[in-house]
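Work through the exercises below with the sequence and the coordinates at hand. Each task is followed by a solution in steps.

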Amino acid sequence: MKKLILITVTLLVAACQSSNTISEEDSQIFEKNVQTIKDTWIQGFEEENFDKAISFMADSIQWTGPNGSTVGIESLKQSIQYWMGTFDELTYTEGEGLPGTDVGFWGGNTYPVSEAMAGPNNVRMYGTWSMKNSQTGKTAKSKHYVVLSFNEDGKVHSATEYAFFGDVNASFE
């Protein structure tokens with residue numbers, strides 16, 4: 001009888017523990033992907049280094065921008081050149097505006113339970129871009145959120161971006 005109770009308790013404890021544990025390998029891949037974003041895209045913009053800013057993008061990238069249009073690498077390159085040519089002092093503040101945290105990079109999800117995932121290759125990036133309009137000298141900020149999906153080569157193959165540009169548009173007035 002004691003063995004039966006012990007087995008039952010052990011099974012209950014095991015059943016109550018989360019099955020959504022993250023492997024060390026997945027954690028390392030996620031951290032590598034985040035560091036890639038910081039070392040290429042963010043640093044590239046901050047240094048106005050075009051080649052660095054695009055170096056994490058796959059040639060086949062599909063980027064869905066805030067206006068809902070999806071573009072490939074050539075249009076994306078033109079957009080990046082525009083931003084770098086129009087604004088100076090571009091900086092990114094990770095997590096700015098998130099309640100209760102300054103962490104700006106997240107992966108996976110827990111809810112809804114039926115759609116839960118823990119894959120390390122989808123990175124959500126939250127923060128604020130700050131800049132100065134190179135023609136007017138006016139400063140601007142843009143709240144920014146993007147979901148970046150990495151392929152097996154460590155390059156971003158798809159992205160969906162959300163941002164507010166009201167302050168940016170006002171910098172031209």
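In what sense do β5 and β6 pair, and over how many bridges? The model is a predicted one, and the solution applies to that model.

**Exercise 1. Describe the pairing of β5 with β6.**

Step 1. β5 and β6 pair in the antiparallel sense, over 11 bridges.

Step 2. One residue pair fixes the register: Trp129 has Ser142 in β6 as its bridge partner.

Step 3. The two strands form a hairpin, with 5 residues between them. Within the turn, Gly137 has a positive phi of about 80°.

**Exercise 2. Continue from β6 to β7, and from β7 to β1, stating the sense of each pairing.**

Step 1. β6 pairs with β7 in the antiparallel sense, over 7 bridges. Tyr145 stands opposite Tyr162 of β7.

Step 2. The hairpin of β6 and β7 has 5 residues between the strands, and Gly154 takes a positive phi near 80° there.

Step 3. β7, residues 156–163, is joined to β1 by 4 bridges, and these two strands run parallel. Gln62 has Ser158 in β7 as its bridge partner.

Step 4. β1 also pairs with β2 (residues 70–71), in the antiparallel sense and over 2 bridges. Here Thr64 has Thr70 as its bridge partner in β2. In the hairpin of β1 and β2, with 5 residues between the strands, Gly68 takes a positive phi near 95°.

**Exercise 3. Check the length of α4 and list what its buried residues pack against.**

Step 1. α4 has 14 residues. From first C-alpha to last, α4 reaches 20 Å, close to the 20 Å expected at 1.5 Å a residue.

Step 2. The buried residues of α4 are Ile73, Leu76, Ile80, Met84 and Thr86.

Step 3. These buried residues pack against the helices α2 and α3 (50–54), and against β1, β2, β3 (87–94) and β5.

**Exercise 4. Are Ile73 and Thr86 of α4 buried or exposed, and what do they touch?**

Step 1. The cut-off for buried is a relative accessible area under 20%.

Step 2. Ile73 has a relative accessibility of 12%, so Ile73 counts as buried. Leaving aside neighbours within four places in sequence, Ile73 is in contact with Met57, Ala58, Asp59 and Ile61. The C-alpha atoms of Ile73 and Ile54 are separated by 8.9 Å, with the two residues 19 apart along the chain.

Step 3. Thr86 has a relative accessible area of 11% and is therefore buried. Its contacts, again without neighbours within four places in sequence, are Lys132, Asn133, Ser134 and Phe172.

**Exercise 5. Do the equivalent analysis for Phe150 and Val168.**

Step 1. Phe150 lies in strand β6. Its relative accessible area is 4%, so Phe150 is buried.

Step 2. Not counting residues up to four places away in sequence, Phe150 touches Asn33, Thr36, Ile37, Asn121, Val123, Lys155, Val156 and His157. Of these contacts, Asn121 is 29 residues from Phe150 in sequence and 5.0 Å from it in space, C-alpha to C-alpha.

Step 3. Val168 belongs to helix α5, residues 166–170. With a relative accessibility of 3%, Val168 counts as buried.

Step 4. Leaving aside neighbours within four places in sequence, Val168 is in contact with Trp83, Phe87, Met131, Ala140, Lys141 and Ser142. Val168 and Lys141 are 27 residues apart along the chain, and their C-alpha atoms are separated by 6.5 Å.

**Exercise 6. Characterise the largest pocket by volume, lining and composition.**

Step 1. The largest pocket holds about 460 Å³ of space.

Step 2. Its lining has 21 residues, and the closest to the centre are Pro66, Ser79, Trp83, Glu161 and Phe165.

Step 3. The elements that give two or more residues to this lining are α2 (24–46), β1 (57–64), α4 (73–86), β5 (122–133) and β6 (139–150). The largest share, 5 residues, comes from α4.

Step 4. By class, the lining divides into 13 nonpolar residues, 7 polar and 1 charged.

Key:
Residues are numbered from 1 along each chain as its sequence is written. This is a predicted model: local features need pLDDT of at least 70, side-chain atom pairs count only at pLDDT 80 or more; totals for chains, interfaces and linings use all residues. Side-chain values use heavy atoms; hydrogens and water are left out. On a 1 Å grid over the protein atoms alone, a cavity is a set of points where a 1.4 Å probe fits but cannot get out, and a pocket is an open set with protein on both sides within 12 Å along at least five of seven lines; lining residues have an atom within 4 Å of a point. Grid points are joined across faces, edges and corners, and a volume is the space filled by probe spheres set on the points. Ala, Val, Leu, Ile, Met, Phe, Trp, Tyr, Cys and Pro count as nonpolar, Asp, Glu, Lys and Arg as charged, and the others, Gly among them, as polar. Two strands pair if DSSP finds at least two bridges between them. The expected span of a helix is 1.5 Å times one less than its number of residues. Buried means under 20% relative accessible area, exposed over 50%, partly exposed in between (1.4 Å probe, protein chains only). Contact means heavy atoms within 4.5 Å.
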